[in-house]
Amino acid sequence: MISATKPFVKFHRYDQELVSDIQALNSSGYHKDDIWVIKWNPDKNHSNQRNNFYKFSTHFESAVGDIDSKAHFFDNGGEEMRTRLEKLGLTKDEASALVRELQETDYTCLLVVRDLKDNIIKMHN
């Protein structure tokens with residue numbers, strides 16, 4: 001079922017702040033099915049390519065253990081990211097704009113939350 005409300009999207013680096021946000025969401029009653037971490041992997045522009053994505057972030061290992069059981073994790077190239085964002089309730093244009101912005105900044109992933117209530121996690125300044 002697709003939610004009538006747009007999901008909340010926050011740009012992130014794959015780091016401890018992301019883990020903290022996810023823990024705050026879990027503490028507030030959000031479950032794995034409500035939370036997605038969508039990580040852009042420039043090496044995966046073909047969906048059948050199974051590269052070693054650990055090299056993309058030095059802090060990957062420390063964060064992934066905390067995140068795995070608490071959020072869906074999606075690591076892929078730009079086209080697959082757009083499709084996933086559309087499945088989560090964004091329009092094609094919104095999804096394309098987010099992926100483009102992610103690729104042009106030093107952020108490495110998006111935190112996507114369905115039906116987010118106010119003030120659980122901080123927005124960027």
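Residues are called buried when their relative accessible area is under 20%, exposed when it is over 50%, and partly exposed in between (1.4 Å probe, protein chains only). The structure is a predicted model, in which local features need pLDDT of at least 70 and side-chain atom pairs count only at pLDDT 80 or more, while totals for chains, interfaces and linings use all residues. Numbering starts from 1 along each chain as its sequence is written, and side-chain values rest on heavy atoms, with hydrogens and water left out.

A good place to begin is helix α4. Helices (H or I, at least four residues) and strands (E, at least two) are DSSP runs numbered from the N terminus. Helix α4 covers residues 92–104, and its 13 residues should span 18 Å at 1.5 Å a residue (1.5 Å times one less than the number of residues); the end C-alpha atoms are indeed 18 Å apart, in agreement. Ala95, Leu98, Val99 and Leu102 are its buried residues. Because these fall within an arc of 95° seen down the axis, they line one face of the helix, the arc being taken from the directions from the helix axis to the C-beta atoms. The face turned away carries the exposed Asp93 and Glu104. Cover for the buried residues of α4 includes β1 (8–12), β2 (35–40), α3 (78–87) and β4 (109–113).

The packing can then be followed into the largest nonpolar core, a set of buried Ala, Val, Leu, Ile, Met, Phe, Trp, Tyr and Cys residues joined through side-chain atoms within 4.5 Å. Among its 16 residues, Ile38, Met81, Leu85, Leu98, Leu110 and Val112 touch the most other members. The largest share, 4 residues, comes from α4.

How values were computed. Contact = heavy atoms within 4.5 Å.
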